[in-house]
Amino acid sequence: MDRMDRMTTGESGAPPPAAFSFDSPLDVEKRRGVRRMKTIATALLLAVAVVYALATWARSAGAGGWAGYAAAAAEAGMVGALADWFAVTALFRRPMGLPIPHTAIIPTKKDQLGVSLGEFVGENFLSGDVVRQRLRTVGIGSRLGTWLAEPAHADRVTAELATALRGALRVLRDSDVQAVVGEAITRRADAQEIAPGLGKMLERIVADGGHRRVVDLVCLRAHDWLVEHNESVMEAVAGGAPGWTPRFVDKKVGERVYKELLRFVSEMRDMPAHPARGALDRFLTDFAGDLQSDTDTRTRVERLKTEVLGRGEVQDLIASAWASVRAMIVAAAEDERSELRLRARAAILSLGARLATEERLRAKVDGWLEDAAVYVVTTYRDEITSLITETVAGWDAEHTSRKIEAHIGRDLQFIRINGTVVGALAGLVIYTVSRLLGA
């Protein structure tokens, strides 16, 4: 019997070297345990065989009735041990190398076992109801809230988020982001007419008097410029006069024009009710109305919008804006005391406190998580089960058999031991009943 066990594992009791190289230290340790239990089961079989031989010899020598009982028990024990040895061995290999049908079940049925395992997992573990009930029992929202409410945990989450954000921004190529942003802005601008929106905005600004500060600033700057460049203004006016006019006349005209222009700008600057300001208000009001209702004005604005968006300067502005925003975000993510990280940490602590105390919010979070998990499970269940099936199908049959035997073989050897003991007891009972009925 010991020879039969050696035949199933190799003459030295160890698996073949080619497969052994794939075994983990845990597999090696478990296989040692299997060999020890095989030795014990085989030794027990040899023991009952010796008892059977001695009892049979004693009965033939007239030792008495006890020898018959001992021989019957030992004989039934051997039968039970051999039957269970065959059953256990047939799971992993062909007993004694004989091509007996329905043996070596695991190596020959490995792929079918993988399919069955995938179907079992899909039906019993990847069911929407099972996943939802399990998540509801766990109470992720409450646990998450309690965990996030701890300052140390909030710091850890903030640091991880900052690291992920920096990594994402560094992985993204600026040219790709700039192209996407530029295309998005252009597409959005092309798809939506801006003239009516600009007209409404201008109308509100004029109605609220928001443009008056701009007019004040322009008048102030114009007055200062005229005062600073008075000679230039007068020379420009004199230079535009006809060539046949006397020079002193040109000079007088230039001075007069300059003084009138300076007076006009000064009055606009100092008089909120100046007629020119009123005229400007009426112009802006009319222009706001044209932007909203005049077809020709709206068409011109749309044409101007297209021309502006198509200019290289605008695209360069978008590129420089993204580079600035990216650098600002990376710097804020790296600085532990930046406003970005402080606000993120405060938001995480607040979320944790609310999850820990507000039942309604916890219910929402649990519902979102359950719906997300159920969606993933129901949508990708076939992919998950096929992963199990394909993984098992890719295993080497012999190596798979040895690996499974290493993990469950020790318990299976107890079947052989139990078969020997139970068989001996059953044989003893049957022999005893037979003797009683015969008497």
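Helix H6 passes helix H19 in a right-handed crossing. A crossing is right-handed if the near helix is turned clockwise from the far one by less than a right angle, and left-handed if anticlockwise. The residues that build this contact are Lys110, Asp111, Gly114, Val115, Leu117, Gly118, Val121 and Gly122 on H6, with Arg381, Thr385, Ile388, Thr389, Val392 and Ala393 on H19. Contact here means heavy atoms within 4.5 Å. Sorted by class, the H6 and H19 contact holds six nonpolar, five polar and three charged residues. For these classes, Ala, Val, Leu, Ile, Met, Phe, Trp, Tyr, Cys and Pro count as nonpolar, Asp, Glu, Lys and Arg as charged, and the others, Gly among them, as polar.

H6 covers residues 110–124, and its axis comes within 8 Å of the H19 axis, crossing at roughly 155°. That angle makes H6 roughly antiparallel to H19. Axes are lines fitted to C-alpha atoms, for helices over the stretch in contact, and angles run from 0 to 180 degrees between N-to-C directions. Angles under 35 degrees count as roughly parallel, over 145 as roughly antiparallel, 65 to 115 as roughly perpendicular and the rest as oblique.

A word on the model itself. It is predicted, so local features need pLDDT of at least 70 and side-chain atom pairs count only at pLDDT 80 or more, while totals for chains, interfaces and linings use all residues. Residues are numbered from 1 along each chain as its sequence is written, and side-chain values use heavy atoms, with hydrogens and water left out.

**The overall picture**

The secondary structure comes to 20 helices and zero strands. Helices (H or I, at least four residues) and strands (E, at least two) are DSSP runs, numbered from the N terminus. Of the 439 residues, 30% count as buried. Buried means under 20% relative accessible area, exposed over 50%, and partly exposed in between (1.4 Å probe, protein chains only). Among contacts with a separation of 6 or more, 73% join residues 24 or more positions apart.

**Other helix pairs**

H19, residues 359–394, also meets H8, residues 140–148: their axes come within 8 Å and cross at roughly 115°. This crossing of H8 and H19 is right-handed. Ile140, Gly141 and Ser142 of H8 make the contact with Arg362, Val365, Asp366 and Leu369 of H19. By class, that gives three nonpolar, two polar and two charged residues.

H4 packs against H20 (residues 397–438) at an angle of about 155°, with the two axes 6 Å apart. H4 is therefore roughly antiparallel to H20. H4 passes H20 in a right-handed crossing. The residues of this contact divide into 16 nonpolar, ten polar and four charged.

**Transmembrane annotation**

An unreviewed UniProt entry places the feature "transmembrane region" at residues 40–60, 66–92 and 414–433. Such annotations may be inferred rather than shown by experiment; the positions follow the numbering used here, and feature names are shortened. In the model, residues 40–60 are 100% helix and 0% strand, with end C-alpha atoms 30 Å apart. Residues 66–92 are likewise 100% helix and 0% strand, and their end C-alpha atoms lie 40 Å apart.

**Individual residues**

This table gathers some residues by location and accessibility.

| Residue | Location | Relative accessible area |
|---|---|---|
| His102 | loop between H4 (66–92) and H5 (105–108) | 75%, exposed |
| Ser127 | loop between H6 and H7 (128–138) | 18%, buried |
| Pro151 | helix H9 (residues 151–171) | 41%, partly exposed |
| Glu255 | helix H14 (residues 247–270) | 24%, partly exposed |

His102 has a positive phi of about 60°, although it is not a glycine.

Ser127 brings us back to the helix pair at the start. Leaving out residues up to four places away in sequence, Ser127 touches Gly122, Val377 and Arg381. Gly122 of H6 and Arg381 of H19 are also among the residues in the H6 and H19 contact.

Pro151 touches Arg345 and Leu349, again not counting residues up to four places away in sequence. The C-alpha atoms of Pro151 and Ile348 are separated by 9.2 Å, while the two residues are 197 residues apart along the chain. Glu255 and Glu235 are 20 residues apart in sequence, and their C-alpha atoms are 9.1 Å apart in space.
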